[in-house]
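Please look through the sequence and the structure shown here before reading on. The report that follows takes up a few places in turn and describes what can be seen at each of them.

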Amino acid sequence: MAEEAKAKGNAAFSSGDYAAAVKHFTDAIALSPTNHVLYSNRSAAHASLHNYADALQDAKKTVELKPDWSKGYSRLGAAHLGLRQIQDAISAYKKGLEIDPNNEGLKSGLADAQAAASRSRAAPPPSPFGDAFSGPEMWAKLTADPSTRMYLQQPDFVKMMQDIQKNPSNLNLYLKDQRVMQALGVLLNVKLREPNAGDDMEIPEGTSTSQPSAPERKVEKVVEPEPMEVTEEKVVEPEPMEVTEEKEAKERKAQAVKEKELGNAAYKKKEFEKAIEHYTKAMELDDEDISFLTNRAAVYLEMGKNDECIKDCDKAVERGRELRSDFKMIARALTRKGTALAKTARCSKDYERAIETFQKALTEHRNPDTLKKLNEAEKAKKDLEQQEYFDPKLAEEEREKGNEYFKQQKYPEAVKHYTESLRRNPKDPKAYSNRAACYTKLGALPEGLKDAEKCIELDPTFSKGYTRKGAVQFFMKEYDKALETYQEGLKHDPHNQELLDGVRRCVEQLNKASRGDLSPEELKERQAKAMQDPEIQNILSDPVMRQVLVDFQENPKAAQEHMKNPMVTSKIQKLVHAGIVQMR
């Protein structure tokens, strides 16, 4: 799922694992290649790794997919700025501000880009070393001189010299390396002193008899540029945060945590107003921790201020997305919002927003508590729908329509009207009884049995429920069960002819098995059906009953003793009716 990969990417980014974040966002893009947010997130991850070229490509794709989204231009500006494409960065930030003039991130980015442009306008001073590092002549001189020739076999030295050749100003970075100093002397035709030599040591005369002024040149060429180069480097590097600012920020965060703890303590004591005050102060001190918002939302929820709770939860989700907060925190905010929405629901339609919010929370983090709340909301919505649809008068009309179709033997149409009748009045046993009769006619015996049992559940004294259930069981060839159903019905209506006829039919079928009048096919079918009955299976697996069956075969006297036990007799009778045991 793209959302799952995105969540993993957000979590990796938040933990500082930018390479993993790039991987997860790439996986998400493969699953959802038109999602502009995924390209935006990956651009940020690339930028954090200083891969500004890749960040630029993703930022361009973000703007292409969603030209009216200001965040895309923020990503584009940051990538251009990282590549030192300052004018392009300024243009990108300005376009973003046209869409969202109050966006602080775009304003800050534009200010940084304009400051960089101001710094770049100052022309760099000419290099004090002239053309010493330009062209292939540099490498020829270093190769020709025995003191530097061996350095060319060392990759790190070659890399440093290539870096200096590209930008002579970088020389200041490598002046501490004795090899670079030696190479500088060769290129300038100057004999530089060893790093440990004394201040009073003179340069030997034999070094260069034709150029006696060379030693004086090395002081001017090497020493003078140092302060200039250091200043230039400081301009290029971003200014570090002042120590006092860092300290102040840490103190504010620590104070915010204390306010949160005070809020938690007040919440436990049911001092809700105090808790809100503390959480609000914590938010003012540190706006990068959304737990302060979610905690305040919980207080509003307890106070019954559901609208305020929903607003805080929305803010927490929005801010959490900006900060790439832990997905569990986002899920917590969404769950609290869903709970507040469910509490404000007045009709079944109102629950739709709550259900949708709980589902979003579960996509962030699958929490059992959230899942439980979702199930409760869905059940409440269904119950309200039934209540809103409840109309006994219309239910009666639909049942009468079903009766008409039943008389015409149009059973599917009758089922349709009985079903509508039950939607209008789910407590009507007559509708269940009538629909059970339709299902029986259509051969849908399991459905018929279910409706008959519901009919009996709603009204245990309604004899029709027993006749419907007994008929279904009879057609299913569960004669012993059908007999029990008919006999139960006769307890409530002893003279009901349908129930009496049902008893008679069942006894006839059961006696066939007792007398051995069943054909081999009928016996085999009845035994197979009986073996699927859990009650029969329990009887046959009972060690006592197994011994009783053995005694029936081997010890008739013991069998007669067993038959004096009513429970044993009842179980034996069930086995006989099922065709499992035959009496001779």
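## A loop residue to begin with

In which loop is H50 found? The model is a predicted one, and in it H50 is found in the loop between α3 and α4, the latter covering residues 52-65. H50 has a positive phi of about 65° although it is not a glycine. Most residues other than glycine have a negative phi. With a relative accessibility of 58%, H50 counts as exposed, because the cut-off for that word is over 50%.

A second residue of this kind is K477, which is not a glycine and yet has a positive phi of about 65°. K477 lies in the loop that joins α25 (463-475) to α26 (479-492), and its relative accessible area of 38% makes it partly exposed.

## Helix α1 and the residues after it

Helix α1 runs over residues 2-14, and its 13 residues reach 18 Å from the first C-alpha to the last, which is close to the 18 Å expected at 1.5 Å a residue. The buried residues of α1 are A2, A5, K6, A7, G9, N10, A12 and F13, and what covers them includes α2 (18-31), α3 (36-48) and α18 (327-344). After α1 comes G16, whose phi is positive, near 90°.

The structure holds six aromatic pairs, and one of them joins F13 to Y18 in an edge-to-face arrangement, with 5.1 Å from centre to centre and 65° between the planes. The two partners do not fall into one class of accessibility, since F13 counts as buried at 15%, whereas Y18 counts as partly exposed at 27%.

## Helix α10 and its two sides

Helix α10 spans residues 155-166, and its 12 residues reach 17 Å from the first C-alpha to the last, close to the 16 Å expected at 1.5 Å a residue. Which residues of α10 are buried? They are F157, M160, M161 and I164. Seen down the axis of α10, these buried residues fall within an arc of 95°, so they line one face of the helix. On the other side of α10, P155, K159 and K166 are exposed.

What covers the buried residues of α10 includes α8 (137-144) and α11 (178-188). F157 also takes part in a ring pair with Y151, and because the centres are 5.3 Å apart and the planes stand at 55°, this pair is tilted. Both Y151 and F157 are buried.

## The nonpolar cores

The largest nonpolar core has 24 residues, and those with the most contacts inside it are V299, C309 and Y351. Helices α15 (272-285), α16 (291-303), α17 (306-323), α18, α19 (351-364) and α20 (368-389) each supply at least two residues of this core, and its largest share, five residues, comes from α19. Leaving aside residues up to four places away in sequence, V299 touches Y267, F272, A275, I276 and Y279.

Apart from this core lies another one, of 19 residues, among them M138, Y151, M160 and M181. In soluble globular proteins, nonpolar side chains tend to be buried together.

## Spans annotated in UniProt

An unreviewed UniProt entry gives the annotation "repeat: TPR" to residues 2-35, 70-103, 256-289, 395-428, 429-462 and 463-496. For residues 256-289, the end C-alpha atoms lie 9 Å apart and the span is 79% helix and 0% strand; for residues 395-428, the end C-alpha atoms also lie 9 Å apart, and that span is 79% helix and 0% strand. The unreviewed entry further lists "domain: STI1" for residues 135-174 and 533-572. Over residues 533-572 the chain is 85% helix and 0% strand, with end C-alpha atoms 15 Å apart.

## S70 and a cluster of rings

S70 has its place in helix α5, which covers residues 70-82. Is S70 buried or exposed? Its relative accessibility is 12%, and because buried means under 20%, S70 counts as buried. Not counting residues up to four places away in sequence, S70 touches G96, I99, D100, N103 and L106.

Elsewhere in the chain, ring pairs link F474, F475 and Y479 into a cluster.

Conventions: Residues are numbered from 1 along each chain as its sequence is written. This is a predicted model: local features need pLDDT of at least 70, side-chain atom pairs count only at pLDDT 80 or more; totals for chains, interfaces and linings use all residues. Side-chain values use heavy atoms; hydrogens and water are left out. Helices (H or I, at least four residues) and strands (E, at least two) are DSSP runs, numbered from the N terminus. The expected span of a helix is 1.5 Å times one less than its number of residues. Buried means under 20% relative accessible area, exposed over 50%, partly exposed in between (1.4 Å probe, protein chains only). The arc is that of the directions from the helix axis to the C-beta atoms. Contact means heavy atoms within 4.5 Å. A nonpolar core is a set of buried Ala, Val, Leu, Ile, Met, Phe, Trp, Tyr and Cys residues joined through side-chain atoms within 4.5 Å. UniProt positions are given in the numbering used here, feature names are shortened, and annotations may be inferred rather than shown by experiment. Rings of Phe, Tyr and Trp (its six-membered ring) pair if their centres lie within 6.5 Å; planes under 30 degrees apart count as stacked, over 60 as edge-to-face and the rest as tilted.
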